[in-house]
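This report walks through one protein model, beginning with a single residue and then moving outward to the cores, the helices and the whole chain. Please keep the sequence and the structure in view while reading.

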Amino acid sequence: MTDEPDLLVDDRDGVRTLTLNRPRRKNAVTWEMWARLRDALIAAGDDPGVRVLVLTGAGGAFCSGADVSVLTAGHPARKMRLLSQVALQLQELPMPAIAKVNGVAVGAGWNLALGCDLVVATPESTFAQIFARRGLSVDLGGSWLLPKLVGLQQAKRLALLADTIDAAQARELNLVTWVVPGQEIDGFVDDLATRLAAGPPVALAQTKALLNEGAGGDLRTALAAEARAQGVNFATADAPEAFAAFTEKREPRFSGGWTLDEVASNPVPEQERTHA
């Protein structure tokens with residue numbers, strides 16, 4: 001037995017890594033873990049110091065889904081609300097989320113990865129919408145994610161047959177963003193997260209939300225949302241910083257600050273104020 005937490009949290013240079021930590025069960029998630037994961041996602045979304053989230057698993061597996069071997073009291077509807085909260089919190093995170101899939105990703109575990117914005121896998125990674133083999137239907141947002149990513153017919157194939165596919169097949173179906181050798185995945189994800197963490201946080205949050213919303217909407221609605229988002233971006237300190245960096249031929253230093261913050265910290269002297 002061990003007292004090691006089943007969900008590890010690590011912060012480094014604006015990157016928060018959440019690691020599912022039940023390697024003996026291939027990181028199958030208990031109901032208590034789902035609650036902790038939901039709370040961890042809420043905390044990450046509320047922390048201005050977190051610029052990127054990485055979700056991964058310990059011990060050579062990503063996640064084998066919900067742990068159905070552990071019976072818990074409570075109505076199934078209440079448990080499903082918890083899963084729904086996890087899926088929504090992950091989808092609505094204001095920062096980019098990366099799934100580092102270093103092994104099996106099965107059932108809700110696979111949909112947990114698909115809920116991230118980018119998915120990095122190794123050639124040894126395998127994937128399955130295993131629900132039908134358990135007498136269950138798709139959950140954790142799979143019924144919404146799969147058709148958006150692969151189209152309705154392929155989504156039905158994956159969900160109804162519950163076949164296991166490898167990383168190469170997943171990449172062909174656009175269910176994986178990159179496949180990299182196992183010995184290189186840590187460095188690859190670290191570099192990717194560093195690049196994203198250096199980006200303009202407000203603009204990246206706006207872009208992520210626009211793409212998520214625009215994928216299921218019409219052009220007129222998307223254009224209106226883009227106009228609102230640019231208004232927010234122009235009110236940040238990052239837009240003028242990007243222009244200054246361009247003219248000075250240097251890399252920009254994005255902070256996500258609001259221009260009003262700078263005005264508040266450097267008020268105009270009273271003799272220079274204009275009065276109506």
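In this predicted model, threonine 122 has a relative accessible area of 4%, and because residues under 20% count as buried, threonine 122 is a buried residue. Its place in the chain is the loop that lies between strand β6 (118-121) and strand β7 (126-128). When neighbours within four places in sequence are left aside, threonine 122 is in contact with Val101, Ala167, Val179, Val180, Gly182 and Ile185.

Two of these partners, Val180 and Ile185, also appear in the description of the nonpolar cores. In soluble globular proteins, nonpolar side chains tend to be buried together. The largest nonpolar core of this model has 47 residues, and those with the most contacts inside it are Trp34, Leu112 and Phe127. Helix α1 (residues 31-46) gives the most to this core, contributing seven residues. A second core, separate from the largest one, has 12 residues, among them Val54, Ile98, Val180 and Ile185.

Which residues does tryptophan 34 touch, leaving aside its neighbours within four places in sequence? They are Val29, Ala66, Leu82, Leu83, Val86, Ala108, Leu112 and Leu140, and one of them, Leu112, is itself listed with Trp34 among the residues that have the most contacts inside the largest core.

The next topic is a pair of helices. Two packed helices are described by the angle between their axes and the distance between the axes. Helix α4 (residues 142-150) and helix α5 (residues 152-161) pack at an angle of about 130°, and their axes are 7 Å apart. That angle makes α4 oblique to α5, and the crossing of the two helices is right-handed. The table lists the residues that make the contact, helix by helix.

| Helix | Residues in the contact |
|---|---|
| α4 | Leu146, Pro147 and Val150 |
| α5 | Leu152, Gln154, Ala155 and Leu158 |

Sorted by character, the residues of this contact comprise six nonpolar and one polar, with no charged residue.

Finally, some values describe the protein as a whole. The protein has 11 helices and nine strands, and of its 276 residues, 40% count as buried. Its C-alpha atoms fill a box of roughly 75 × 45 × 40 Å, taken along the principal axes. Among the contacts between residues at least 6 apart in sequence, 69% join residues that are at least 24 apart.

Key: Residues numbered from 1 in each chain as written. Predicted model: local features only at pLDDT ≥ 70, side-chain atom pairs only at ≥ 80, totals over all residues. Heavy atoms only, no water. Axes fitted to C-alpha atoms, helices over the stretch in contact; angles between N-to-C directions. Helix = DSSP H or I, 4+ residues; strand = E, 2+ residues; numbered from the N terminus. Parallel < 35°, antiparallel > 145°, perpendicular 65-115°, else oblique. Left-handed = near helix turned anticlockwise from the far one by under 90°. Contact = heavy atoms within 4.5 Å. Nonpolar A, V, L, I, M, F, W, Y, C, P; charged D, E, K, R; others polar. Core = buried A, V, L, I, M, F, W, Y, C linked by side-chain atoms within 4.5 Å. Buried < 20%, exposed > 50% of the residue type's maximum accessible area, 1.4 Å probe, protein only.
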